[in-house]
Amino acid sequence: MSETSVNIGILAHVDAGKTSLTERLLFDTGAVGALGRVDDGNTQTDTLDIERRRGITVSAGVVSFRAGDRTVNVIDTPGHADFVAEVERALGVLDGVVLVVSGSAGVQASTRILWRILHRLRVPTLVFVNKLDQAGADPAAVLESLRKKLSRAMVPMVTVEGAGGAEITVRGRPRTAADVVEEVAEVAAEHSERLLADYVAEEFDDTLVWHTFRRQVAAGEAHPVFLGSAVTGAGVRELVAGIVDFLPAAAPGAELRATVFKVERGSGGDRIAYARVHGGTLQVRDRVNLFRRNGDGTVGRSRRRVTAMTLAGRAVTRADAGDLVRLSGLGDVRVDDRLGSPDGVADAGLFPPPGLVSVVTARPGEETRLHRALRELCDQDPLLGLRADRGALSVRTYGEVQIEVLLERLREDFGLVAGFAPPAPIHVEKPVGVGEAVQFLDRLGPTDPVATVGLRVAPGRTGSGVRYELAVERGSLPRAFHTAIEQTVYRAAGCGPHGWEVTDCVVTLTHSGFQPPLSTAGGFREVTARLLSLALARARTRVYEPVDRFDLEVPEHAAGAAVIALAKLEAVCEPPVVEAGVARLRGTLPAAATTAFRRRLPALGQGEAVFTAEPGGYRPWRP
C-alpha cells in the first residue's frame, strides 16, 4: 500500500441510508458510472439476493474509490442488531468510521450502542447527518441530539440557517481560530487534556489550530459533523474532503500480518477471503501461515498458497500494508483467521457471542447436507456456533431476523429446506465447589484404557471461561498425550451435568502416567472425558441464565407503568432518574424477556420511549 490509502467503515442504525451513502460516494468520485439504489436492487455492496430483496445489509461489503491522490476502501456494514458480528469484524480492520444518522429519525438506540464501542476504542469517527432532503428533517435538532446523547465533542462543519433544514450553507473546513473555538470551547472545558481551545489561547494561529483539531479527531476526541443527503448528493463532497483530511492510515508493520474479516463462496464453490494487510507484503504464489483459534481453545496453524488476488476491483500480484485484498487459494479459510502471524487470534470480541440457540431440522435424507451447509455458513460467521449433540443440530443466533436470513441462504445457496425451532436463551453452568477424579495405571479394569489421569475442577473468576492448568511435569507424558487431554477438557466442558456449557472454571491435571506401547492418545481422550464429567458432578454446578443490561427513557408520566412491566419480567432496576420530564431507568433483564418487553414499548412509552439492551452477563437461574 502506498501512504495514500485509507480504510473506512460506514456504520449506522437500520434505514439511516448508509448503503445509499456508499453508492453516492462511488458515483460522485467516478468509481461507478451509474448511481445504484437500494429500492432498485442494483447497489454495489448489497450483492446477496436476500440483501437486495430486503433492502438491508447482511454481510459487510467492500468497495473503493479515489479522492485526490488517495485510495479510500469502504466497508459497508450491517445496521441490524442481529448482525453485530459483521460490525465487530469491520472495526478490527479500519482506520476510521463514518457514522450515519438519519436527519429525520435522529439518534436511535442502535446508534448509541455503536457509539459506545467506537468511543471506548477511540476509533476516529466522522458523522454524516443524512436524509436532510426529507420533509420534517431538522438538522439543528439532530446536532443537539448528537451532543446530548452521544458526545459534546461533536463539531459541525456547516452553519445551519433557517428552520427545518430549508437552507444549509456549507462552510467547509475551519480556516481561522475563531471559526473553530466557537464550536469547541464548551468541549475543551470538560476535558483535562490540552484541547484545541488551550492551543488557541496560547498561539491563536489558524494553522496550528487546524493541525491540532486534526490530531484530536485522529485520537477519537473530537468528531466532525457533516450535513447532507445521499439521495441529492448535498454535503457528500465535503464529507469526502473530511475523510481525506481527518482519517490518516495506520502506521504499517514490517512483517506480514493480515486479518480475514469476510469469506464468501466463489462461482466454483471455493472460498474467497477478504483480508486487511496490517504489515509486510503479500504476493500471489506466496505460501503463508494461516492461524486460527480452535474450538478447544488451542491455536491451529496451516500452510496455504495464494493463487489470485484482487485489489480495488482489479487483479494484482502484490498487496502491501494497509490494503484490503480479495484472496483465492486459502483452502478452508474462515473469518477471523490470521495470515503470517497469530497476533490477535486470542483477542476477545467487542460484541458478546449470540445469546440464543435454535434447534435445526432437515427433511428426511438431507441431514448430512444440512450439517455441511451450516458448517459452511458458520465458517463465514464463527460466532454462530454450530453444535451437533446426539444427532441434533443447533445454531447460536442473535435473533429472529438472523434466523430468517439463514433459512433463505440455505434455500438459495444450498437448495435445502430447513426448520428452526423458536430460539431459546443459552444458559451456562458454573462449578459451586471443588471436585476431583483420578484413574491410576495400577487400578485399571479389564476394559479401561491404559492411562493415568487425574483432574481437579474449581471455580474460576467471572468471565474467564475454561482455563486448563498443569500440576504435573510437562515431561511426564508424551506431547501427543498432553494435547489429547487438553483438547478433550475444552470439548467436554461444552456439556455439563445439567446439559449446558460449563464456564468460569479451572481444570487442573493433577496426575499423569502411561505405559508404552499400550497407551494411546485415543485412550487418554476417553479417560479425560469420563473423569471430567465425574469431577464436575462432585464439584456440583449451578445453572445461570443470560441477562441484558438495559437503558430505558420514557416520559415521566409513563415511568410507573414501565417499572411495573419490568418487575413482572423479573428485571432488577435502579431507582429512576427524572430530568426535564424524562425518566431514565437502568438495570438488568432476563435475556429471554427482552424481546417481549421491546414489543410493549410503543404502548408503554406512547411512541417516545428509547430502549437499549446489550448482553450483561449471567445470574443464577430460578426454574
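**Entry 1. Helix α1**

I began with helix α1, residues 18–28, and found it mostly covered, with 8 of its 11 residues buried. I listed the buried ones as K18, T19, L21, T22, E23, R24, L25 and L26. I then looked just past the end of α1, where G30 takes a positive phi of about 80 degrees.

**Entry 2. Confidence**

I note here that this is a predicted model, so I checked pLDDT before going further. The chain average is 80, and 79% of the residues score at least 70. I looked up two stretches with low values. Over residues 50–59 pLDDT stays under 50, and the model gives this stretch 40 contacts beyond four places in sequence. Residues 187–205 also stay under 50, and for them I have 26 contacts beyond four places in sequence.

**Entry 3. The sheet of 8 strands**

I traced an open sheet of 8 strands in the order β14-β13-β19-β10-β11-β18-β15-β16, and its pairing is antiparallel. At the edges I have β14 (299–305) and β16 (314–315); each has a single partner strand, so one side of each is left without a neighbour in the sheet. Inside this order I checked the contact of β10 with β19 (residues 338–339), which is antiparallel over 2 bridges. One register point I wrote down is T259, whose bridge partner in β19 is R338.

**Entry 4. Aromatic pairs**

I counted ring pairs next, and the structure holds 4 of them. For F213 and F246 the ring centres are 5.6 Å apart and the planes stand at 90 degrees, so I entered the pair as edge-to-face. F213 belongs to helix α8 (residues 206–218) and F246 to helix α9 (residues 236–246), so the pair ties together parts that are 33 residues apart in sequence. I looked up accessibility for both rings. F213 has 1% relative accessibility and therefore counts as buried. F246, at 2% relative accessibility, counts as buried for that reason.

I then took F261 and Y274, which form a tilted pair at 6.4 Å centre to centre with 55 degrees between the planes. F261 is in strand β10 (residues 257–265) and Y274 in strand β11 (residues 271–279), so this pair ties together parts that are 13 residues apart in sequence. I found both F261 and Y274 buried. My last look at ring pairs was at F481, F514 and F524, which such pairs link into a cluster.

**Entry 5. Charges over rings**

I returned to Y274 for its lysine: the charged end of K262 sits over the ring of Y274, 5.1 Å from its centre. I also recorded K430, which lies over the face of Y544 at 4.6 Å from the ring centre.

**Entry 6. The sheet of 4 strands**

I followed another open sheet, made of 4 strands in the order β26-β27-β30-β28, with mixed pairing. Its edge strands are β26 (435–439) and β28 (466–470), each pairing on one side only. I noted an average twist of 20 degrees from one strand to the next.

Which sense of pairing does β30 have with β28? I found β28 and β30 (residues 505–513) parallel, over 5 bridges. For the register, I have V466 opposite C505 in β30, and L470 with L509 as its bridge partner in β30. With β27 the sense is antiparallel, over 8 bridges. Here I wrote down V453, which stands opposite S512 in β30.

Is β30 enclosed or open to the outside? I counted 7 of its 9 residues as buried, so β30 is largely enclosed by the rest of the structure.

I closed with helix α12 (residues 479–492), which lies across β27 (452–459), β28 and β30. I noted that α12 runs at about 155 degrees to β28.

Notes
Residues numbered from 1 in each chain as written. Predicted model: local features only at pLDDT ≥ 70, side-chain atom pairs only at ≥ 80, totals over all residues. Heavy atoms only, no water. Pairing = 2+ DSSP bridges. Axes fitted to C-alpha atoms, helices over the stretch in contact; angles between N-to-C directions. Contact = heavy atoms within 4.5 Å. Buried < 20%, exposed > 50% of the residue type's maximum accessible area, 1.4 Å probe, protein only. Phe/Tyr/Trp six-rings, centres within 6.5 Å; stacked < 30°, edge-to-face > 60°. Lys NZ or Arg CZ within 6 Å of the ring centre and 35° of its normal. pLDDT = per-residue confidence, 0-100.
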